Protein chains: 2
Amino acid sequence: MIRINGDRLLADLRKLASFGAFKTGVDRVALSAADLEARRWLMQRMREAGLEPEMDEVANVYGRHPGTKRALLIGSHTDTVPRGGWLDGALGVMCGVEIARAAMEDGAASPVGIDVASFEDEEGTFLGFLGSRTFCNDLPAAEIDAAKCGELGLRTALAAVAHASNPQRLDPARHLCYLEAHIEQGPRLETAQRRIGIVTAVVGIRRFRIRTRGQADHAGTTPMDNRKDAGAALFRLASRVAQELPRLGGADTLWNIGRIDLRPGAPNVVPSEGEMVLEFRHTDPAVLDEMERHVRDWVEQSSRGLSPPEVEPMARVAPTPLAKDLAAVLAASAKAHGEEPVYMPSGAGHDAMVLGRFIPAAMLFVPSIRGRSHDITEDTAEADIVLGCEVLADAVDRIRARPELASGRA
Amino acid sequence: MIRINGDRLLADLRKLASFGAFKTGVDRVALSAADLEARRWLMQRMREAGLEPEMDEVANVYGRHPGTKRALLIGSHTDTVPRGGWLDGALGVMCGVEIARAAMEDGAASPVGIDVASFEDEEGTFLGFLGSRTFCNDLPAAEIDAAKCGELGLRTALAAVAHASNPQRLDPARHLCYLEAHIEQGPRLETAQRRIGIVTAVVGIRRFRIRTRGQADHAGTTPMDNRKDAGAALFRLASRVAQELPRLGGADTLWNIGRIDLRPGAPNVVPSEGEMVLEFRHTDPAVLDEMERHVRDWVEQSSRGLSPPEVEPMARVAPTPLAKDLAAVLAASAKAHGEEPVYMPSGAGHDAMVLGRFIPAAMLFVPSIRGRSHDITEDTAEADIVLGCEVLADAVDRIRARPELASGRA
């Protein structure tokens, strides 16, 4: 039985947070000096834990459990958003190291090892899920060629990465399943006063750039009826979305209008061009389809009398259901620790979404204080961090004892 | 009786359009090389017409009718917006020159001269109504000190202007009244198939920068009910404005939302800050007051649950009623030319708005083709340009014959 050391886990997390420390948070974007330094420290920590670490050509750090043909894979990412929080992906990686280390200390032999990974650029500084997609052999080279951060090309940034010649890739013969612990990044657990969330599915995302085109007129001399106002068209659309989208998707529907621009942008000129970025998320692909159909209709209706609008897809991520059997194992582990878990979809993308398309995957959430994340105020109570790691370790014990739990045929 | 020469007027307008010509329009922003060159040409044209031209320290060009103690003032402006049209203010200035020239050619002696002015920077490249406000001694030096166009200070731009040491200023002992011809800049005359508009009043403008403040949250992990969405607050406000503002001000109500920005501006981050520029226009100050009161209420209501919003006034222009007696003179002149005029408010500001606070002022509109202005497609039929000048000349005859018409005591 794996007995994790909570203090050691917290000390590792605090140490990791010192790389790229920014006020109470961390600025450690993918492939920055701080990110690579943190990854080299992580390899050292893996080596000390008894794992065999390596870095691949996209700076994924992989700690391989020696001596076993099969392994559970525990992981997440150690890159952050700019001026982000200290826990986000770091939590899941260090939980993996702690569980692997504690399992080695336990000394009980098992045919199933515990591998640990920190995937690169989950946050999309250059290219979202760069690391996990590379690990799963699911990333065309052309996407890497095209990816940039500002003026810096991803290929250029990767040139400096010292990497293993034949790094570990996803191997269904080795990898039983993927487990990821993460902060919730939302307020649901805190609001419900619960400590463990179990992710049922990662939502799909559809994101569109919507462009309307009207005519720039003098806002003092053009009667309202004569205008072709590209801005007003977007405001009509926004109103429609807010009224009707929740009716299509129910209470779990999520959407966001994060950006809007009007041109020419003068106070006294009727906008001739408008651009808005709208995204919506749901776990059901059929609902996403229906939402997209309606949004396209509303764009047309809002633009009546103007030039034809454009709806340009920017992102299209299919929902990923996670493994029910593994979720049940996590739930049993939570209950063994006296915690009734909350089943919930994940509204954010995670590396588990990528891995989950290839091998059974499960995710566990711990509460985010005031729901904050991607911000220097991101935090989780220490006791919740430790509890999350204990529940995950318990689940690892259960799966190593009955590997068929990860097969989807339990 | 003044008989204007329509071909000569059109030739002058075409010549003036060559200074700063840009495609089918003109780019002759205030104090640009093209603007100053055009103003020097205008002085020469005034001299040839028999006027005594001078340039003042803000580059107003003033042509004084020699030998009379009293004068009508006809004017407008020869600066343009960037990539603007060829007629805008140029029309009124060249009509003034043509009418003064034709009156001199007529040779009939009158105790009332015809002065002509081209005011500087009506368009606000540095400071809107710089010229007419300076002429009316209605511009504090501090406003000139503070005015800029990008990085260029107005004072710096003015340093190169060669000006008269004791230029003409508004002088109620001299100036009977102010007359301005202008393109309509809107579609009303064309839609009504009429050729002469008479301006009843220049609308007042209230313009506000509205700021909302919420909280930046992950758009995938934060349930809709938990958000403090600064963008959604602005969308609710825009919807309210579109629904309710016309009810307050009737059919002539004008408003515009020309700019909106959301921060941080990422597709997947709930906006933490929103900024919107809203303006509305009306001829009735009481209605403007009521609109402002309601807008402030709507801002509060739309921001419920967020941090307190800000409503910062950016511009506040009082409505200016124009002289009824002079409007009646213009109407009589129009009818004498077989045209039934359309009485209408001006939704745009004009130099007549500044002058009209100090002396009786009147404005005449000619149709804008497809309502276009402030754009290189701005145009008016040549016959309408000439008719407008003829009607204005006819009005000048009437006022010179009965100067009490301009006194407000006719």
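This is a short dialogue on how to read some features of a predicted model.

Q: Is A:Pro313 buried or exposed?
A: A residue counts as exposed if 12 or fewer other C-beta atoms lie within 10 Å of its own, and as buried if there are 20 or more. A:Pro313 has 10 such neighbours, so A:Pro313 is exposed. A:Pro313 belongs to strand S14 of chain A, residues 307–317.

Q: And B:Leu179, buried or exposed?
A: B:Leu179 has 31 other C-beta atoms within 10 Å, so B:Leu179 is buried. B:Leu179 is part of strand S9 of chain B, residues 175–183.

Q: Which residues does B:Leu179 touch, leaving out those up to four places away in sequence?
A: B:Leu179 is in contact with B:Leu72, B:Ile74, B:Ala362, B:Leu392 and B:Ala395.

Q: How do I compare separation in sequence with separation in space?
A: Read the two values for a pair together. A:Pro313 and A:Arg211 are 102 residues apart in sequence, and their C-alpha atoms are 11 Å apart. For B:Leu179 and B:Ser373 the values are 194 residues and 21 Å, again C-alpha to C-alpha.

Q: What span should helix H1 of chain B have?
A: Helix H1 of chain B, residues 6–17, has twelve residues, and at 1.5 Å a residue these should span 16 Å. The C-alpha atoms at its ends are 16 Å apart, which agrees.

Q: Why can a helix have sides?
A: An α-helix has 3.6 residues a turn, so residues three or four places apart point the same way.

Q: Which residues of H1(B) are buried?
A: In H1(B) the buried residues are B:Leu9, B:Asp12, B:Leu13, B:Leu16 and B:Ala17. They cover an arc of only 135 degrees around the axis, so they lie on the same side of H1(B). B:Asp7, B:Ala11 and B:Arg14 are exposed on the other side of H1(B).

Q: What do the buried residues of H1(B) pack against?
A: Their partners in chain B are strands S1 (21–22) and S2 (25–26), and helices H2 (33–49), H3 (90–106) and H12 (382–401).

Q: How many residues are in contact between chains A and B?
A: 46 residues of chain A are in contact with 47 residues of chain B. Helix H8 (230–249), strand S12 (254–263) and strand S13 (273–282) of chain A each supply at least two residues of the chain A side. S12(A) gives the most, with seven residues. By class, that side has 22 nonpolar, 17 polar and seven charged residues.

Q: How is chain A related to chain B?
A: A turn of 180 degrees with a shift of 0.0 Å along the axis lays chain A on chain B with an RMSD of 0.1 Å. That is the relation of a two-fold axis. Both copies use the same surface, as 100% of the contact residues of chain A recur in chain B.

Definitions and conventions
Residues numbered from 1 in each chain as written. Chains lettered and ligands numbered in written order. Predicted model: local features only at pLDDT ≥ 70, side-chain atom pairs only at ≥ 80, totals over all residues. Helix = DSSP H or I, 4+ residues; strand = E, 2+ residues; numbered from the N terminus. Contact = placed C-beta atoms within 7 Å. Nonpolar A, V, L, I, M, F, W, Y, C, P; charged D, E, K, R; others polar. Least-squares fit on C-alpha atoms with pLDDT ≥ 70 in both. Expected span 1.5 Å × (residues − 1). Arc of directions from axis to C-beta.
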